[in-house]
Amino acid sequence: GVVHEVREWVLREVAGLDDPTPAAADEPVPVPDSLPGRYGHAFADVMVARGDGPGELVISEEPRTDVDGWFPPTQGEPVHATLFAEDQALVDGPGSPRILRFGVDGSYGPWIQWRGRRALRLD
């Protein structure tokens, strides 16, 4: 469908992947020591940990405790992702593949892009 075609175009044109399916990468990229940790997101604290396999990450969310009243919903079960580039991972799961991006901004420090928004490193 249209969503799949748009996803392939973005992976090819924006991410520069010749094969629009990043899972087809020959070797996963090793997880840098700076990536695992806790990130502050608008909806939850996002916990990024190393998985069991090479280049594997496990991402989970914990409800934010610094808000009064309404608590934003969290993702639920942890999800797994595999690094296919130095700053991108493919999130496993149903539906169209999702890309987890991460990097370092000179003003704010380390971040990940989770659920469409940047989450800054908390610890």
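## A short tour, starting at Trp114

Select Trp114 to begin: its bridge partner in strand S8 is Arg117. Keep in mind as you click around that this model is predicted.

Now widen the selection to both strands. S7 covers residues 109-114, and its pairing with S8 is antiparallel, with 4 bridges. Together S7 and S8 make a hairpin, and 2 residues lie between them. Zoom in on the turn and pick Arg115, whose phi is positive, at about 55°.

Next, look for the other neighbour of S8, which spans residues 117-121. Select residues 37-40 and you have strand S1, also antiparallel to S8, this time over 2 bridges. Which residue of S8 is the bridge partner of Tyr39? Highlight Arg121 and you have found that partner.

Stay in this region and show the side chains of Trp111 and Arg118. Arg118 lies over the face of the Trp111 ring, 3.7 Å from the ring centre. If you are tempted to hunt for aromatic pairs as well, how many does a search of the whole structure find? The count is 0.

For the last stop, move to helix H1, residues 2-13, and select Val10, which sits in this helix. Is Val10 buried or exposed? The answer lies between the two: Val10 counts as partly exposed because its relative accessible area is 34%, and that class runs between the limits of 20% and 50%. Add Val6, Trp9 and Val14 to the selection, and with Val10 you have a nonpolar patch on the surface. Colour these residues as one group: their accessible area together is about 380 Å².

How values were computed
Residues are numbered from 1 along each chain as its sequence is written. This is a predicted model: local features need pLDDT of at least 70, side-chain atom pairs count only at pLDDT 80 or more; totals for chains, interfaces and linings use all residues. Side-chain values use heavy atoms; hydrogens and water are left out. Two strands pair if DSSP finds at least two bridges between them. Rings of Phe, Tyr and Trp (its six-membered ring) pair if their centres lie within 6.5 Å; planes under 30 degrees apart count as stacked, over 60 as edge-to-face and the rest as tilted. A charge sits over a ring if NZ of Lys or CZ of Arg is within 6 Å of the ring centre and within 35 degrees of the ring normal. Patches are made of residues with over 30% relative accessible area and no salt bridge: like charges are joined within 9 Å, nonpolar side chains (Val, Leu, Ile, Met, Phe, Trp, Tyr) within 5 Å. Accessible areas come from the Shrake-Rupley method with a 1.4 Å probe; for residues, only the protein chains shown count as cover. A salt bridge is a side-chain nitrogen of Lys or Arg within 4 Å of a carboxyl oxygen of Asp or Glu. Buried means under 20% relative accessible area, exposed over 50%, partly exposed in between (1.4 Å probe, protein chains only).
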